[in-house]
Amino acid sequence: MSPPGTLPQRPIVRLHPDDNIFVALTDFTAGELVDGVRLTGAVPRGHKIAARAIGTGEQVVRYGQTIGVATRAIAAGEHVHSHNLGMGGHDQDYHFATDLRRLPAPGPARTFMGYRRPDGQVGTRNYLGILTSVNCSGSVARFIAEAAERDGWLRDFPRIDGVVPIVHGTGCGMSGKDEGYQTLFRTLQGYARNPNFAGILLVGLGCEVMQVADLVGRDRLRPDGNFRYMTIQQTGGTRATIDKGLAELKAMAPAADAARRSEESVSHLVIGMQCGGSDGYSGITANPALGAASDLLVAQGGTTILSETPEIYGAEHLLTRRAVSREVGEKLVARVRWWEEYTARLGGEMDNNPSPGNKRGGLTTILEKSLGAVAKGGTAPLTQVYRFAEPIIERGFVYMDSPGYDPCSVTGQIASGANLIAFTTGRGSVSGYKPVPCLKLATNSEMYARMRDDMDLNCGDIVTHGVGIEEKGGEILDLMIRVASGEKTKSEELGFGGAEFVPWAMGAVM
């Protein structure tokens with residue numbers, strides 16, 4: 001990379017000495033000479049160029065790792081993409097717990113201004129939530145939230161950030177004892193206990209499979225006791241439930257408004273890390289920069305969560321080698337094997353990713369995408385592997401199993417206890433995830449300039465101005481601390497977060 005403040009001398013990058021491809025950092029036309037290689041055709045920025053001739057069946061290497069095999073002979077200077085690159089085999093040697101690295105020096109203790117809850121968790125926001133047990137109570141939950149906003153009584157409670165209806169499309173027409181039920185159950189309980197909620201109103205219909213009484217359980221759902229629950233059928237219908245729901249929210253409001261931000265160690269930050277709308281820059285700029293920020297936070301005692309199992313496929317060996325024990329590494333491999341069986345049973349395949357947008361951005365195989373996605377996890381030891389929405393207990397860098405679909409994956413991370421989301425994007429994903437703020441990290445400067453109203457930080461200057469990965473990681477951590485302390489993200493300013501609760505739907509719909 002060039003020194004900070006200067007443009008790169010060559011508009012290409014070779015990420016590892018063993019790579020047999022370059023990555024274009026600008027649009028090239030046919031016939032241009034690039035690092036001594038004449039281009040055989042046009043190559044868009046973010047895409048790959050063969051650095052030398054690659055034979056049919058030969059491995060194509062990026063990041064020093066195999067991203068696929070040539071499906072036909074590729075000439076030096078040729079565009080390398082879906083027309084000549086396939087997935088091929090990808091057997092990995094997991095080398096469990098053999099690559100445990102020293103974290104960066106933690107430096108001075110960092111703090112943020114957060115809401116300490118009775119159970120010891122610390123929130124970054126202070127919402128009241130309306131949680132639904134079933135799709136059939138979703139509209140009524142929205143009616144209650146709309147009435148609360150319309151009536152104006154929230155103005156009397158300035159420290160409440162708002163009322164969030166958490167609605168979804170399931171909760172009935174499902175088995176009451178299979179993996180799908182247990183996953184939804186964990187998700188709903190996890191949201192009720194997320195530290196960014198100061199109180200929860202649980203609303204059900206009454207006759208659904210996901211019974212309100214089961215969700216409340218013996219431990220009363222929230223340790224602070226600031227929750228209420230009801231069913232529409234028992235309460236007397238829609239209008240009666242809206243009226244009662246408003247009354248219950250008003251009853252919970254004083255306790256929620258009594259919460260005050262206090263100075264807390266960043267060890268209480270739990271960051272869900274995501275990438276969506278990825279491109280050829282993701283693994284060069286924003287993802288490794290987020291990884292650097294992750295290492296800095298973990299060194300301070302904080303927690304970061306990597307997820308999206310189909311999008312680490314083929315790169316899981318880089319995580320198993322960093323597992324603190326063979327047992328932790330094998331837990332990750334077990335989740336990968338589950339996904340192989342799951343997709344095969346449903347007639348799918350693990351390489352149905354990258355998406356069309358990812359491919360337009362320069363990514364070709366899931367192996368290539370996964371290697372870039374794993375970079376979000378930095379270099380810290382992998383301390384534990386969790387199921388979707390399972391409560392996170394261990395601090396440090398952890399893994400939570402989830403689909404690669406961003407809203408669903410973030411839903412699981414929030415249910416597991418995340419109080420902030422960091423989301424890298426190259427194509428320009430727009431979303432938010434109430435009650436948890438989501439900061440967007442742009443992988444390239446062009447998209448950042450075009451979508452500035454949606455992006456919180458540009459990581460494209462790593463390429464355009466030679467900003468160092470570690471420097472950008474420090475910038476990301478600073479932004480995390482400011483957002484955790486109350487600074488609004490772009491998605492919060494735009495009002496996102498009302499439609500992005502997407503539980504992982506598994507099992508038969510009956």
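Two strands count as paired here if DSSP finds at least two bridges between them. Helices (H or I, at least four residues) and strands (E, at least two) are DSSP runs, numbered from the N terminus. This is a predicted model, where local features need pLDDT of at least 70, side-chain atom pairs count only at pLDDT 80 or more, and totals for chains, interfaces and linings use all residues. Residues are numbered from 1 along each chain as its sequence is written, and side-chain values use heavy atoms, with hydrogens and water left out.

**A small sheet and its hairpin**

Let's start with strand 6 and strand 7, which form a hairpin with 2 residues between them. Y63 sits in that turn, with a positive phi of about 60 degrees. The two strands run antiparallel and are joined by 4 bridges; R62, for instance, has Q65 in strand 7 as its bridge partner. Strand 7 (residues 65–70) also runs antiparallel to strand 9, this time with 2 bridges. Here V69 is partnered with G86 of strand 9.

Put together, that's an open sheet of 3 strands in the order 6-7-9, with antiparallel pairing. Strand 6 (59–62) and strand 9 (85–86) are the edges, each pairing on one side only. Helix 10 (residues 366–374) packs on this sheet and touches strand 6 and strand 7, its direction making about 165 degrees with that of strand 7. Contact means heavy atoms within 4.5 Å; axes are lines fitted to C-alpha atoms, for helices over the stretch in contact, and angles run from 0 to 180 degrees between N-to-C directions.

**The pocket**

Which residues lie nearest the centre of the largest pocket? They are Y63, P288, A375, G378 and T379, out of 24 lining residues. Y63 is also the turn residue of the hairpin. The pocket has a volume of about 730 Å³. Helix 6 (286–299), helix 10 and helix 14 each supply at least two lining residues, and helix 6 has the largest share, with 4 residues.

As for how that's worked out: on a 1 Å grid over the protein atoms alone, a pocket is an open set of points where a 1.4 Å probe fits, with protein on both sides within 12 Å along at least five of seven lines, and lining residues have an atom within 4 Å of a point. Grid points are joined across faces, edges and corners, and the volume is the space filled by probe spheres set on the points.

**Two cores**

A nonpolar core is a set of buried Ala, Val, Leu, Ile, Met, Phe, Trp, Tyr and Cys residues joined through side-chain atoms within 4.5 Å. Buried means under 20% relative accessible area, exposed over 50%, and partly exposed in between (1.4 Å probe, protein chains only).

The largest core has 57 residues, and L319, L382, I476 and M480 have the most contacts inside it. Helix 14 (residues 469–484) gives the most to this core, with 7 residues. Another core lies apart from it, with 50 residues, among them M87, V164, L367 and M400. Back in the largest core, M480 is in contact with I271, L290, A293, L420, A422 and L439, leaving aside neighbours within four places in sequence.

**Buried spots and odd backbones**

H317, in helix 7 (residues 316–320), counts as buried because its relative accessibility is 2%. Beyond residues up to four places away in sequence, H317 touches Q65, Q92, D93 and Y94. R322 is in the loop between helix 7 and helix 8 (326–345), and at 5% relative accessibility it's buried too. With the same sequence neighbours left out, R322 touches D99, L100, G377, G378, T379, A380, P381, L382 and F397. R322 and A380 are 58 residues apart in sequence but 7.3 Å apart in space, C-alpha to C-alpha. L202, in strand 14 (residues 197–204), is buried at 0% relative accessibility.

Two alanines have a positive phi:

| Residue | Phi | Loop | Relative accessibility |
|---|---|---|---|
| A97 | about 55 degrees | strand 9 to strand 10 (111–116) | 27%, partly exposed |
| A389 | near 65 degrees | strand 19 (382–386) to strand 20 (396–400) | 1%, buried |

Where does P435 sit? It's in the loop between strand 21 (420–425) and strand 22 (438–442), and the peptide bond from K434 to P435 is cis, with omega near 15 degrees.
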